[in-house]
Amino acid sequence: MKASDHTLRAPNQPADHQDPLAPYADALRAHFPSREALLQEAMQQTRQRRRIKQALATTACGLLAAVVCYDPVLSSQHLHTAIGQSAHFQLPDGSAVSLNTNTVLLAEQHLRSRQLTLVQGEALFKVKHAWQPFTVDANQVKIRDIGTVFNVRNTAEGAMVTVVEGSVDVITAQAQRRLTKNLSVTTRGAAISENRCTSAEAATAWQHGRLIFDGLPLRDVVAELQRYHAGQITLADASVGQYRLSGEYDINGIASLLAVLPEILPVRVEKQAEADVVIRQR
């Protein structure tokens, strides 16, 4: 038997049999992707679905944050007093505010908060408890109420805050301080002074039409009197401002106090045009 006679073939299959689809293999491969291509496409679709889910989750978080932070103004009040005037107001939430001389206050009732801005002057706040936070902004300082009565004075450098009842947080861009009853701080820009004990009665004496001085230098007394006096009060020289004044005086009697000042301190008070006065060394 020859070697070629031992060639194996399928039963009933001619020796020269060929795959009938062989001529169309290339065309079929062009229309039907390979296994590797199918796997690659599946992986790409999975990645795309993951990106879509992440985008939807991010959008949902953004919408939720927007809903939580949504705090539109429901009502606002623009309150003010003239020089030498004081006034008392009731806020929509039931809180009360008293304004001292030459004061401007913007009070806004928001959906989720109560926000007030002491533009200038001095005010006493008696806050009614509510779920909305109560804050007062005054010259780069934020005062956050924790359930209290407190006095705020807007100064040239920052603010002076005194707690009459309860406690508040005094917050600047760089610091935060908690105050309780009979404690006071002053701020200069973002700096907050150390807590100091103070008389809440003296700090709020203006509500009763009184000014209380306890050995206060005359330069500081004059700065205080100027808030209630329409005319200009001037110290002729720095040495005059070193004298100290004590006592309790009527806010509505600034002119009378200036008139009797030479009987208390070694000074002269010279009247100028209109209500202006100059205080000199005697």
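**Exercise 1. Pairing around β20**

Which residue is the bridge partner of V269 in β20? Work out as well how β20 pairs with the strands on which its bridges fall.

*Solution.* The model is a predicted one, and the secondary structure read from it comprises five helices and 20 strands. Begin with strand β19, residues 267-271, which runs antiparallel to β20 and is joined to it by five bridges. Within that ladder V269 has I279 of β20 as its bridge partner. Next, examine the connection: β19 and β20 form a hairpin with five residues between them, and in the turn E274 has a positive phi of about 55°. Finally, turn to strand β17, residues 233-235, which pairs with β20 (residues 277-281) in the parallel sense over three bridges, with I233 standing opposite V277.

**Exercise 2. The seven-stranded sheet**

Determine the strand order of the open sheet of seven strands, and explain why one side of β1 and of β12 is left without a neighbour.

*Solution.* Following the pairings across the sheet gives the order β1-β4-β5-β7-β8-β11-β12, and the pairing is mixed. The strands β1 (73-80) and β12 (176-180) stand at the edges, and because each has a single partner strand, one side of each lacks a neighbour in the sheet. From one strand to the next, the twist averages 20°. For the β1 edge, the partner is strand β4, residues 104-110, which runs antiparallel to β1 and is joined to it by seven bridges; in this ladder S76 has E108 of β4 as its bridge partner.

**Exercise 3. The enclosed space**

How many cavities of 30 Å³ or more does a search of the whole structure find, and which strands supply at least two residues each to the lining of the largest cavity?

*Solution.* The search returns one cavity at that cut-off, and the space in the largest cavity amounts to about 70 Å³. Its lining consists of 13 residues, of which L91, P92, A107, E108 and Q109 are the closest to the centre. The strands β1, β4 and β5 (114-120) each supply at least two of the lining residues. E108 therefore links this exercise to the preceding one, since E108 is also the residue that bridges to S76.

**Exercise 4. The nonpolar cores**

Which residues have the most contacts inside the largest nonpolar core, and which residues does F150 touch outside its immediate sequence neighbourhood?

*Solution.* The largest core contains 27 residues, and F125 and F150 have the most contacts inside it. Strand β10 (residues 159-165) contributes the largest share, namely three residues. Once neighbours within four places in sequence are set aside, the contacts of F150 include F125, F134, V136, I143 and V163, together with the polar residues D145 and T162. A second, separate core of 25 residues includes V164, V221, I233 and I279. Over the protein of 282 residues, 35% count as buried.

**Exercise 5. The largest pocket**

Which element gives the most to the lining of the largest pocket, and which residues lie closest to its centre?

*Solution.* The largest pocket has a volume of about 790 Å³, and of the 26 residues that line it, R153, M160, I212, L216 and E224 are the closest to its centre. The elements that each supply at least two lining residues are β9 (149-154), β10, α3 (200-203), β16 (210-217) and α4 (218-226). Among these, β16 gives the most, with seven residues.

Key. Residues numbered from 1 in each chain as written. Predicted model: local features only at pLDDT ≥ 70, side-chain atom pairs only at ≥ 80, totals over all residues. Heavy atoms only, no water. Pairing = 2+ DSSP bridges. Helix = DSSP H or I, 4+ residues; strand = E, 2+ residues; numbered from the N terminus. Axes fitted to C-alpha atoms, helices over the stretch in contact; angles between N-to-C directions. Core = buried A, V, L, I, M, F, W, Y, C linked by side-chain atoms within 4.5 Å. Buried < 20%, exposed > 50% of the residue type's maximum accessible area, 1.4 Å probe, protein only. Contact = heavy atoms within 4.5 Å. 1 Å grid on protein atoms, 1.4 Å probe; cavity = no way out; pocket = protein on both sides within 12 Å on 5 of 7 lines; lining within 4 Å. Points joined across faces, edges and corners; volume = space filled by probe spheres on them.
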